[in-house]
Amino acid sequence: MEDELRCPTCKQLYANPVLLPCFHALCLGCALDIQTPYTPGAGLTGAAAANAAGVGASNGTGSAVAHNGQHSAGGAAAVGASAGPGPGTRHSSHSSAASTASSATGSESVTSDQDQSDKVSIFSEADSGVVCCSNTSRPVSYAGTGQLQGLLQGSVVAPPGAAYCLTCPLCRKLVFFDDGGVRNLPTYRAMEAIVDRFCAREALRCQMCETDPKVASLICEQCEIRYCDACRELCHPARGPLAKHTLVKPRGAAQQRESVCGEHEETLSQYCLNCKMPACGQCIGEQRHQAHEVQSINVTCKAQKTELSHNLQQLSEKARSTTEFIQRLKGMSDKVTESCIEFERLVHAQCEALIQAIHDRREYLLEAIRMDKDTKIRILKDQQSNCTGKLQQTTGLIQFCIEALKETDSAAFLQVGSMLINRVANTDMTWHQEVTNAAPRVSPIVDLTLDDAALTRAIDNLNFIQMKVKDEDERCPAAPSTPKILPTDCSAENNSVTVAWQPPNHCFVEGYVLELDDGSGGEFREVYCGKETICTVDGLHFNSMYNARVKAFNSAGEGEYSELIGLQTAEVAWFTFDPVLSGGAGSGLIFSKNNATVSVEGWEHRVALGSVGFSRGVHYWEFTIDNYTADTDPAFGVARIDVARNKMLGKDEKSFAMYIDRQRSWFQHNSIHERRVEGGITTGSTIGVLLDLERHTLSFLVNEMPQGSVAFRDLYGVFYPAVSINRGVTLTMHTALDAPKMDYF
């Protein structure tokens, strides 16, 4: 409460408080200090000018509005009832006692947050921030918007008779006074009584006692320090410079006072509900209160006290609940500390277990290296032993042969000569195979390396995951949060799109679900479910905008969808022949030039399919006849994925084609050919295929001219570009072409 009892200017307990029209209070001495003279026709000076210039903007909205006159009149009631001390008497025993009492409780300043809340509480949308007070029994008020522009420009127009002005230090309202100045303001009797009671309750004790302070008997007005009798004799003797100091008794309990009318010196016994001010009996009889609703001042006071008590009770309930909430927060703080200590212990134990597992694995790997070393050394020793034995046998044979060569008896030498020649020849041959060309059975170099890349990545990704607590003892992973799509890693090429996303932080994720719409803003459908964070979706429609979204899931549930990303497929299709769809290696087809050119060796027709299927849009591609020497009929058109690949295109119900020779062409489907059109092909000719799945038609062009009218209608489903050829025909397919404009339907 002490902050409510401090003057916003001097920061001390209120001394002779006066009430401003804005219902903020000031010490009378402080009000006298900050009021400034006002000369009609001249601008405001000093701080008042700066404050006046900011009146219009002080409410944070940049606009100034009018002040309620009745509000100011009620706030300035009973003007002239108090003259108050002058500026020189401001630091009286009253103020000294108040200031010393406040020093025992600590805080000496009003916080800026309270200043701001006070300002907000005063401003309204009908407040100009300009008020005028006079020394008449009922202060006049100035209300209006005529000075609005002047307020915004920093020049305020004062009402007639203004001699002084003052700006409230809290709400910045500007108040004008007549010659009486701030002495016209009413004494804030309630505040004065509360301050008196507050000081009486403070049990003003000696400030010089080191332990167990005694009740103070005197206070020095100059030192503003309280002393008991013993400390006064010891710390403030009445001699030397201290002899001139004034020692007075601390202010005691507040005395019961009775408010009287400033004009008639009568007790204020009535309350005017229209003027919202107390009055005496004579005031009620005067003209200014005629026809006003009047009530006993005690009844009005009791009603307002009852209302205030009711509001205080509600506020007390909120304060009590807030206190309980603060206690809960304090308890949770202790719980957080305990939980974090336990979690630190758990993480430390888990990390130690991981470190121990790495140490155990290291010992296993080192033991494997030692075993490999022992095995290699044993193999090398065995090979060394074998070579040593072979060398000893060969050396003995050489020595024996040398001795045999020394034999002088020819018959005796011839007895073993052939045998020795064979043995030496055989030994030389086996020596070449077993020794000369022999190599070490093992390499001295360790041809292994430690694959630690995956483990290093796992350590780098080692992190916490979000858990949810079911009860005090059970914790399970929470549903994952939202993945973030990475636009820089997403792309669209031809009729496929690639979507990449970033896993959510601190979440346990078992997998992801990627969804795409239908390319026309329709419903989403699942296209991928797995653990990867990048996915490519093929087989989409051309010239379509696909919206993609992704969500993560685990055993606890699914997370929220990510933000959408739009990916535009190519306007025109780029594709080639697909060897796999065309039958693979056993089809007899020969593909070249990156699968754009096809030919065949046999006489039987073989079907080659394109790599892209179409179900929507308008698509056009061409074939160039690179070689056409045989008397054959190549066929061009479209087919379904399960078309017969060993027949001419158009022979079954799965294909729609135009077959053509050097002079004419026919349209063929399900072995029914019709509508012969004159005009054939040669080497260098161009065949165009126009598949319009918006009108569901198929048309052909030869050398950029329409070959008859529309060949086929009512085409629904998925169709692949197709051609059937046999020996003597080589052609190249050209794609990503704009569709020509046809004059018929």
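Q: Which residues of strand E20 (residues 534-537) point to one face and are buried?
A: This is a predicted model, where local features need pLDDT of at least 70, side-chain atom pairs count only at pLDDT 80 or more, and totals for chains, interfaces and linings use all residues. Residues are numbered from 1 along each chain as its sequence is written, and side-chain values use heavy atoms, leaving out hydrogens and water. Side chains alternate along E20, and Ile 534 and Thr 536 point to the face that isn't buried (buried means under 20% relative accessible area, exposed over 50%, partly exposed in between, with a 1.4 Å probe and protein chains only). Pointing to the other face, and buried, are Cys 535 and Val 537.

Q: In E20, what is the bridge partner of Thr 498?
A: Strand E17 (residues 496-502) and E20 pair in the antiparallel sense over four bridges (strands pair if DSSP finds at least two bridges between them). In E20, Thr 498 is matched with Thr 536.

Q: How many strands does the protein have?
A: Helices (H or I, at least four residues) and strands (E, at least two) are DSSP runs, numbered from the N terminus. Besides 12 helices, the protein has a strand count of 37.

Q: Is Glu 515 buried or exposed?
A: Glu 515 belongs to strand E18 (residues 511-516). Its relative accessibility is 9%, so Glu 515 counts as buried.

Q: Which side chain makes a polar contact of 2.9 Å with Glu 515?
A: A polar contact is a pair of N or O atoms within 3.5 Å; within protein, one must be able to donate a hydrogen and the other to accept it, and residues adjacent in sequence count only if both atoms are side-chain atoms. Leaving aside neighbours within four places in sequence, Glu 515 is in contact with residues including Phe 524, Arg 549 and Lys 551 (contact means heavy atoms within 4.5 Å). The 2.9 Å partner of Glu 515 is Tyr 561.

Q: At what distance from the ring centre does Arg 549 lie over the face of Tyr 561?
A: A charge sits over a ring if NZ of Lys or CZ of Arg is within 6 Å of the ring centre and within 35 degrees of the ring normal. The charged end of Arg 549 sits over the ring of Phe 524, 4.1 Å from its centre. For Tyr 561, the distance is 3.8 Å.

Q: Which two residues touch the most other members of the largest nonpolar core?
A: A nonpolar core is a set of buried Ala, Val, Leu, Ile, Met, Phe, Trp, Tyr and Cys residues joined through side-chain atoms within 4.5 Å. The largest has 37 residues, and the two that touch the most other members are Phe 623 and Leu 731.

Q: Which strand gives the largest share of this core?
A: Several strands each supply at least two residues of the core, among them E28 (635-639), E36 (720-725) and E37 (729-734). Four residues, the largest share, come from E27.

Q: How many of the five residues of E28 are buried?
A: From E28, Ala 635, Gly 637 and Ala 639 point one way and Phe 636 and Val 638 the other, and all are buried. That makes E28 mostly covered, with a buried count of five.

Q: Which residue of E36 stands opposite Ala 635?
A: E28 runs antiparallel to E29, joined by five bridges, and there Gly 637 stands opposite Ala 657. Five bridges also join E28 to E36, again antiparallel. In E36, the residue facing Ala 635 is Ser 724.

Q: How many residues apart in sequence are the parts tied together by Phe 575 and Phe 614?
A: The rings of Phe 575 and Phe 614 are edge-to-face, 5.8 Å centre to centre with 70° between the planes (rings of Phe, Tyr and Trp, using its six-membered ring, pair if their centres lie within 6.5 Å; planes under 30 degrees apart count as stacked, over 60 as edge-to-face and the rest as tilted). Phe 575 lies in the loop between E23 and E24 and Phe 614 in the loop between E26 and E27, so the pair ties together parts whose separation in residues is 39.

Q: What is the angle between the planes of Phe 575 and Trp 621?
A: Phe 575 and Trp 621 are both buried. Their rings form an edge-to-face pair, 5.8 Å centre to centre, and the angle is 80°.
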